[in-house]
Amino acid sequence: GDNTFFILLSIYFPSVTGIMAGSNRSGDLQNPAKSIPKGTLWAWITTTSVYLTVPILIGMAATRSALMTEEDVFNIVYIQIFTAEIAWPWKILVQVGIIMSSTGAGLQALAGAPRLLEAIAKDNVIPILRPFSRITFCTLLTGLICFG
């Protein structure tokens, strides 16, 4: 099929952003040295389990012919994805979930980026970023980048 890099990236991207969102919030932890490795490992295990389980469940719910042809799985007439067809209790939940997941990933990035920039500036890792050692400037810069 037409599996380009960007299609595959769009499938894997949400799992990586979720793990990074947890790392970006590390400043709120009581014991970051212990919690970050543990949380990252559990996030990776959970993500991998979901990514391995979903294809098995879809394989159990669909016929072989439906999985082998795009026209049966992605019904062109109704423009609905296969998981929405088998969703319980309402099909709309899958579509709402996709929208909420994408919105949440974007908001996590907006919330985490200024904190990460502030930490890099405070640690003087990149000296030119030293003026951004206050969260106010980091938030303004992130906002300018987003709206620019």
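**A walk along helix α6**

Start by selecting Glu118: its relative accessibility is 16%, and that counts as buried (buried is under 20% relative accessible area, exposed is over 50%, and partly exposed is in between, with a 1.4 Å probe and protein chains only).

Before you go on, a word on what is loaded. This is a predicted model, where local features need pLDDT of at least 70 and side-chain atom pairs count only at pLDDT 80 or more, while totals for chains, interfaces and linings use all residues. Residues are numbered from 1 along each chain as its sequence is written, and side-chain values use heavy atoms, with hydrogens and water left out.

**Zoom out**

Switch to cartoon. You should see 7 helices and 0 strands, in the order α-α-α-α-α-α-α along the sequence. Helices (H or I, at least four residues) and strands (E, at least two) are DSSP runs, numbered from the N terminus. Now turn on the surface: the accessible area is about 11,300 Å², with 70% of it on carbon and sulfur atoms (Shrake-Rupley with a 1.4 Å probe; for residues, only the protein chains shown count as cover). Of the 148 residues, 15% count as buried. If you pull up a contact map (contact means heavy atoms within 4.5 Å), 35% of the contacts with a separation of 6 or more are between residues 24 or more positions apart.

**Select 92-122**

That's helix α6. It has 31 residues and spans 45 Å from first C-alpha to last, close to the 45 Å expected at 1.5 Å a residue (the expected span is 1.5 Å times one less than the number of residues).

Begin at Ile92, which sits in α6 and is partly exposed at 49% relative accessibility. Add Trp90, Leu93, Val96 and Met100 to the selection, and with Ile92 you have a nonpolar surface patch of about 530 Å². Patches take residues with over 30% relative accessible area and no salt bridge, joining like charges within 9 Å and nonpolar side chains (Val, Leu, Ile, Met, Phe, Trp, Tyr) within 5 Å.

Next stop, Gly112: α6 kinks here by about 25°, shortly before the proline Pro114 (the bend is the angle between axes fitted to the seven residues ending at a residue and the seven starting there). Gly112 and Pro114 are both buried, as are Leu117, Glu118 and Ala121 in α6.

**Back to Glu118**

Show Lys122 as sticks too. Which bond links Lys122 and Glu118? Their side chains form a salt bridge, 3.3 Å from N to O. The rule asks for a side-chain nitrogen of Lys or Arg within 4 Å of a carboxyl oxygen of Asp or Glu, and the count by that rule is 1. The two residues are about one helical turn apart, because they are 4 residues apart in α6. In general, an α-helix has 3.6 residues a turn, so residues three or four places apart point the same way. Lys122 is partly exposed at 48%, whereas Glu118 is buried.

What else does Glu118 touch? Leaving aside residues up to four places away in sequence, try Phe132, Ser133, Arg134, Ile135 and Cys138.

**Last stop: Asn124**

Step into the loop between α6 and α7 (135-147), where Asn124 sits. Its phi is near 55°, a positive value in a residue other than glycine. Asn124 is partly exposed, at 41% relative accessible area.
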